Amino acid sequence: MSIAQSFLNNDKRDIDGKEAAREIIDVIKSRKQSENVQPGLAVILVGEDPASSVYVRNKSNRAEECGFLSRQYNLHEDTSESEVLELIESLNKDNDIDGILVQLPLPDQIDPHKVIQSIAPEKDVDGFHYLNAGRLMTGDIEDALLPCTPTGSLYLIKKALGENLTGKHAVVIGRSNIVGKPMASLLLKENCTVTIIHSRTERPEELCRQADIVVAAVGIPELVTEEWIKPGAVVIDVGINRITTKDGSSRLVGDVNYAEVYPKAAAISPVPGGVGPMTISMLMQNTLDAAIRKKNHN
Ligand code: NAD
């Protein structure tokens, strides 16, 4: 059986991200105990963006649930760039802290690139520092911290297809530094043949129709319709888009038209309940890995 049916939920096609995320947290808790480490995560939020506040709270809560030291810094909207850089500098030196995360987006007065590059690479649990990005790009991932959403997506792909992805044709839709590019690098490392589709790609649906694995990370609601999909493909929907329905209510949809693609796909990650829950679990995994590496290097 090529599809790991046991992990797909009752109807055998939805890839259950909530269950996978719980599974990862259980492993983290037992590894933390067996390695005898006390990981520490610092999360920095600048301003009061409601969505960012929810994400940050969820990250801090999950860190506490894992038994990590969890510190949350809520800074005022007007905080200057140098104040944020000073805080990061002190956290870089803080032996209790293994992971530093700055919630994006940042207010206009703060350059996000400068802030991210100021985080010590060994504490960069988002995996956005150039050193970690470069390690992934060159395939030298042993000591790297990898971006959470792509690693979570890869985990789900393996839940559906098994560990060996060699020779599969993977199409990644989107080329952002946060999702699309690192996703493509991870799939390449798994010996997939990788095609990246982006905003300037001609006839994207023709290319996508050749894929065994499709990862959509675009930010356009339901862009990927059934004619983009080869029968039996595994489809991972990273998109999170809030749309207003005809009756005026709002709901979350992905970048994939779920209703159309579902009957054609061998497996599909739903929105919500697919990739979303994986990102935080992978953040906890990175924090634990950083703590274990620190212990082993000391
Ligand atoms: P982004 O805006 O940085 O990048 C979007 C990419 O899509 C760009 O590379 C662009 O070239 C490509 N694109 C734009 N129009 C296109 C088109 N018509 N056809 C093909 N490609 C096109 O976005 P991002 O940060 O990569 O996020 C993408 C989506 O994933 C968003 O909906 C975001 O909310 C979601 N996201 C989810 C998680 C999660 O935890 N589940 C994490 C990060 C991002």
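Me: Where does Pro272 lie?

Reply: Pro272 follows a strand and precedes a helix, and it lies in the loop between β10 (267-268) and α10. Before we go on, note that this is a predicted model: local features need pLDDT of at least 70, side-chain atom pairs count only at pLDDT 80 or more, and totals for chains, interfaces and linings use all residues. Residues are numbered from 1 along each chain as its sequence is written, and side-chain values use heavy atoms, with hydrogens and water left out. Helices here are DSSP runs of H or I with at least four residues, strands are runs of E with at least two, and both are numbered from the N terminus; the place of Pro272 is thus the loop between β10 (267-268) and α10.

Me: Is the peptide bond from Val271 to Pro272 cis or trans?

Reply: Look at omega for the bond from Val271 to Pro272, which is near -5 degrees. Another bond of this kind joins Leu104 and Pro105, with omega about 0 degrees, and Pro105 sits in the loop between β3 (99-102) and α4 (112-117). The bond from Val271 to Pro272 is cis.

Me: Which element gives the most to the shell around the ligand?

Reply: The shell takes in residues with a heavy atom within 4 Å of the ligand. 21 residues surround the ligand, and the closest are Arg175, Ser176, Val238, Ile240 and Thr279. With three residues, the top contributor is helix α10 (residues 275-297).

Me: How many charged residues are in the shell around the ligand?

Reply: Ala, Val, Leu, Ile, Met, Phe, Trp, Tyr, Cys and Pro count as nonpolar, Asp, Glu, Lys and Arg as charged, and the others, Gly among them, as polar. Split that way, the shell has ten nonpolar and ten polar residues. The number of charged residues is one.

Me: How much of the accessible area of the ligand does the protein cover?

Reply: Start with the polar atoms: oxygen atoms of the ligand lie 2.8 Å from a backbone N or O atom of Arg175 and 3.1 Å from a backbone N or O atom of Ile240. In Thr279 a side-chain N or O atom is 2.8 Å from an oxygen atom of the ligand. On its own the ligand has 860 Å² of accessible area, and the protein covers 70% of that. Such areas come from the Shrake-Rupley method with a 1.4 Å probe, and for residues only the protein chains shown count as cover; for the ligand, the covered share is 70%.

Me: Is Asn132 buried or exposed?

Reply: Asn132 belongs to helix α5 (residues 130-137). Its side chain makes a polar contact of 2.7 Å with the side chain of Asp124 and reaches the backbone nitrogen of Leu145 at 3.0 Å. A polar contact is a pair of N or O atoms within 3.5 Å; within protein, one must be able to donate a hydrogen and the other to accept it, and residues adjacent in sequence count only if both atoms are side-chain atoms. Buried means under 20% relative accessible area, exposed over 50% and partly exposed in between (1.4 Å probe, protein chains only), so at 1% Asn132 is buried.

Me: Are the rings of Tyr258 and Tyr262 stacked or tilted?

Reply: Rings of Phe, Tyr and Trp (its six-membered ring) pair if their centres lie within 6.5 Å; planes under 30 degrees apart count as stacked, over 60 as edge-to-face and the rest as tilted. This rule gives one aromatic pair. Tyr258 and Tyr262 have ring centres 5.4 Å apart and planes at 40 degrees, so the pair is tilted.

Me: Which residue lies over the face of Tyr262?

Reply: Tyr262 is buried at 19% relative accessibility, whereas Tyr258 is partly exposed at 32%. A charge sits over a ring if NZ of Lys or CZ of Arg is within 6 Å of the ring centre and within 35 degrees of the ring normal. At 5.5 Å from the ring centre of Tyr262, the residue over its face is Arg13.

Me: What separates the C-alpha atoms of Met284 and Ile25?

Reply: Met284 lies in helix α10 and is buried, with a relative accessible area of 0%. Along the chain, Met284 and Ile25 are 259 residues apart. Their C-alpha atoms are separated by 7.7 Å.
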